[in-house]
Amino acid sequence: MCGGRGTRLDAPVEKPLVDVCGRPMLDRVAAALRGSSVGTVRAVTSPHTPNTRDRAADLGLDPIEAPGDGYVSDLGYALDRVGRPVVTVVSDLPLVAPEHVDAVVAAADGGAATACVPVELKRDLGASVDDALVFDHEGTAVCPTGLGVVGPADADADIDAETNADTNTDTDTDTDSDNAHSTMYLSTDSRLALNVNRPTDIALAEARCE
């Protein structure tokens, strides 16, 4: 997902093209997906990110040009044009790795997965936190981070989940009202707690590049 305006970052380039450790975030996320078990990788761009669309074409990503009406709306637009289950990932998660993608796919087990990190972890790192996304999970405040799986039977209400994954986590499985398998995958991996939403997040991510 790389069609947002990225106004909080206030960067001289479109948000997905912001460099982290010498590479645009778009390139880093695409490399993680291509190194994982997923098949076709598609870049969901919008009229807000024309340069990102061009860069995605240079990388050989299969494009979907969404209207640019917001994350949830654009994700729904993209989901209408691909098969399910499908991995979804935001372009501001520059430290995501192939093993993270494969872990959340395994957690989904053919259904859906929403991966989160504790808010306390993000605050300890000094990372920005979007309070609107914070929710309680068994007494712990958690926040979705942008990597997940939308399952074949998921209702549209499920598509606004942002997720992350880690190999050293516990998973909790719930069943929604449509009896679709939905897993909340809780991670303490600092790489997945670093969404680049503000200028200070860039430095935090660069300090943890591999």
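Start by selecting E99 in this predicted model. With a relative accessibility of 37%, E99 counts as partly exposed, because that value falls between the 20% limit for buried and the 50% limit for exposed. Now show its side chain together with that of R191: the two meet in a salt bridge, 3.7 Å from N to O. Follow the backbone from each partner and you will see that this pair links distant parts of the chain. E99 belongs to helix 4, while R191 sits in the loop between strand 10 (181–186) and helix 6 (199–206), 92 residues apart.

Stay on R191 for a moment. Its relative accessible area is 16%, so R191 is buried. Add D189 to the selection, and a salt bridge to R191 appears, with the closest N and O atoms 3.0 Å apart. D189 is buried, as is R191. Through shared partners, the salt bridges join E99, D189 and R191 into one network.

Next, select D92 and K15. Their side chains form a salt bridge at 2.9 Å, N to O. Here too the pair links distant parts of the chain: K15 lies in the segment before strand 1 (19–20), D92 in the loop between strand 5 (86–89) and helix 4, and 77 residues separate them. Are these two residues buried or exposed? Both D92 and K15 are buried. If you would like to hunt for others, the whole structure holds seven salt bridges.

For a contrast, move to K122 in helix 5 (residues 119–125). K122 is buried but has no salt bridge. Which side chain of opposite charge is nearest to K122? That is D201, 7.0 Å away, whereas a salt bridge requires the nitrogen and oxygen to be within 4 Å. To see what does surround K122, display V117, A127, S128, V129, C143, A193 and N195, which K122 touches when residues up to four places away in sequence are set aside.

Now turn to the nonpolar interior. The largest nonpolar core has 27 residues, and L26, L61, L93, V96 and L147 have the most contacts inside it. Colour helix 1 (25–34), helix 4 (98–108), strand 6 (112–118) and strand 8 (140–150) to see the elements that each give two or more residues to this core. Zoom in on L61: beyond its neighbours within four places in sequence, L61 is in contact with L26, A30, R34, V41, A43 and A56.

For the last stop, select L95, L121, L125 and I202. They are among the 15 residues of another core, which lies apart from the largest one.

Methods
Residues are numbered from 1 along each chain as its sequence is written. This is a predicted model: local features need pLDDT of at least 70, side-chain atom pairs count only at pLDDT 80 or more; totals for chains, interfaces and linings use all residues. Side-chain values use heavy atoms; hydrogens and water are left out. Helices (H or I, at least four residues) and strands (E, at least two) are DSSP runs, numbered from the N terminus. Buried means under 20% relative accessible area, exposed over 50%, partly exposed in between (1.4 Å probe, protein chains only). Lys and Arg count as positive and Asp and Glu as negative; His and the chain ends are not counted. Contact means heavy atoms within 4.5 Å. A nonpolar core is a set of buried Ala, Val, Leu, Ile, Met, Phe, Trp, Tyr and Cys residues joined through side-chain atoms within 4.5 Å.
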